Amino acid sequence: HMRLHDVPAAGPASRCCGYDDAKDARMVADALSIPFYVMNLREAFERAVMDDLADTYLAGQTPNPCIRCNGVLKFRVLLARALALGASHLATGHYARIEADGAGPRLAMATDHDKDQSYFLFPITAQALQRTLFPLGGMTKAEVRGAAQQLALPVADKPESQEICFLPEGDHASFVRSRHPDTPAGGDIVTEDGGVVGQHDGYYRFTVGQRRGLGVSLGQPAWVLRIDAASRTVVVTTDPDRLGKMGLVASGAIWHAPPTEPLETVTVRIRHRGRRHPAQIRIDGERFLVAFESPVRAIAPGQAAVIYSGDRVAGGGWIGRGLSSAELTSENREGAWAAR
């Protein structure tokens with residue numbers, strides 16, 4: 001069990017990695033007569049996940065702490081410690097599968113697409129996949145609960161974890177302020193033409209595509225179009241079509257099986273549980289350009305863009321910005337990927 005942060009003994013049932021989860025894990029280990037270890041990873045978690053979340057929000061972007069935790073802690077630090085204890089593999093409860101081919105193990109979507117978590121797992125390296133098992137990847141949630149009930153496990157009916165484990169009541173804005181109390185926060189909420197329509201108390205409270213909780217009344221629905229951290233300005237639009245982008249640029253790429261041809265058609269997911277969008281990929285080192293077949297709404301900088309070839313994960317990276325048709329044409333013409 002990973003001890004990642006200090007949490008109160010009692011907390012929301014939907015939050016993972018807390019006191020109750022450690023207790024439940026120990027009860028399951030006792031029921032199965034297997035050793036139970038607690039690994040203190042608080043310092044690594046704080047640097048890799050908590051600091052990253054606050055810094056990403058302050059940059060006007062939307063972080064994904066679960067992906068950071070998987071990439072840095074679970075499938076690096078935890079895996080290394082498991083192997084040091086003499087384990088042959090690290091088995092986790094993620095809904096994903098590992099398929100073997102001539103090039104080695106490949107990360108693939110779970111059989112139950114509604115529960116699939118492959119989006120969160122793209123940073124896993126090929127070396128880590130060789131030592132990893134996803135025993136739930138071929139099962140539905142109902143089948144998993146049924147198996148747990150047959151084994152008389154004390155967590156068979158436990159609610160699913162939904163919240164970010166270290167955010168009290170899911171309040172990321174308070175968390176950011178607590179980490180950076182001297183950072184100016186307030187600013188203007190403006191329309192695309194620069195007209196001021198409201199004020200906010202923290203630009204990091206917002207994400208691209210957000211509709212609720214904007215704190216402005218324009219007589220019709222409005223959405224966050226973009227966030228300018230330098231000026232602490234939140235730009236909104238009443239035209240939902242303005243949220244659509246024809247492409248994106250991503251960096252920090254991790255490849256499992258990169259597209260072999262510059263114009264190979266793949267699918268790209270820009271958020272967990274989001275649909276996979278047909279697209280073409282152009283690669284330039286650790287960056288890649290995505291050109292969608294049709295506009296994709298609410299591309300949030302800081303989130304992951306994960307690329308699929310069929311049901312297999314080809315790779316992924318971190319979204320820098322969405323691109324309009326004109327910007328996509330300019331990137332194709334002027335970027336290093338034009339040579340590909």
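**Group meeting: a pocket, a sheet and a helix pair**

I'll start with strand E9, which supplies four residues to the lining of the second largest pocket, the largest share. Keep in mind throughout that this is a predicted model.

The pocket first. The second largest pocket holds about 540 Å³ of space. It is lined by 26 residues, and those closest to its centre are Leu225, Arg226, Lys245, Arg321 and Gly322. Which elements give two or more residues to that lining? They are strands E9 (223–228), E10 (233–237), E11 (244–255) and E16 (312–323), together with helix H7 (325–334). By residue class, the lining of the second largest pocket splits into 11 nonpolar, eight polar and seven charged.

Now the sheet that E9 belongs to. Four strands make up an open sheet, and reading across, the order is E8-E7-E10-E9, with mixed pairing. Which strands stand at the edges? Those are E8 (196–200) and E9; each has a single partner strand, so one side of each has no neighbour in the sheet. From one strand to the next, the twist averages 25°.

As a reminder, strands of a sheet pair through backbone hydrogen bonds, and they can do so parallel or antiparallel. Here, E9 and E10 are antiparallel, joined over five bridges. One residue to look at is arginine 226, whose bridge partner in E10 is valine 235. Arg226 is also among the residues closest to the centre of the second largest pocket, so if you have the structure open, that is a place to stop.

At the other end of the strand order, E7 (residues 187–190) pairs with E8, again in the antiparallel sense, over four bridges. Valine 190 has valine 196 in E8 as its bridge partner. E7 and E8 form a hairpin with five residues between the strands, and glycine 194 in that hairpin takes a positive phi near 95°.

Last, a helix pair. Helix H2 covers residues 42–58 and helix H3 covers residues 65–84; their axes lie 9 Å apart and the packing angle is about 155°. How are H2 and H3 oriented to each other? The cut-off for roughly antiparallel is an angle over 145 degrees, and H2 and H3 are therefore roughly antiparallel to each other. Their crossing is right-handed.

To come back to the start: E9 is an edge strand of the four-stranded sheet, and E9 also gives the largest share of the lining of the second largest pocket. That is what I have for today.

Definitions and conventions. Residues are numbered from 1 along each chain as its sequence is written. This is a predicted model: local features need pLDDT of at least 70, side-chain atom pairs count only at pLDDT 80 or more; totals for chains, interfaces and linings use all residues. Side-chain values use heavy atoms; hydrogens and water are left out. On a 1 Å grid over the protein atoms alone, a cavity is a set of points where a 1.4 Å probe fits but cannot get out, and a pocket is an open set with protein on both sides within 12 Å along at least five of seven lines; lining residues have an atom within 4 Å of a point. Grid points are joined across faces, edges and corners, and a volume is the space filled by probe spheres set on the points. Ala, Val, Leu, Ile, Met, Phe, Trp, Tyr, Cys and Pro count as nonpolar, Asp, Glu, Lys and Arg as charged, and the others, Gly among them, as polar. Two strands pair if DSSP finds at least two bridges between them. Axes are lines fitted to C-alpha atoms, for helices over the stretch in contact, and angles run from 0 to 180 degrees between N-to-C directions. Angles under 35 degrees count as roughly parallel, over 145 as roughly antiparallel, 65 to 115 as roughly perpendicular and the rest as oblique. A crossing is left-handed if the near helix is turned anticlockwise from the far one by less than a right angle, and right-handed if clockwise.
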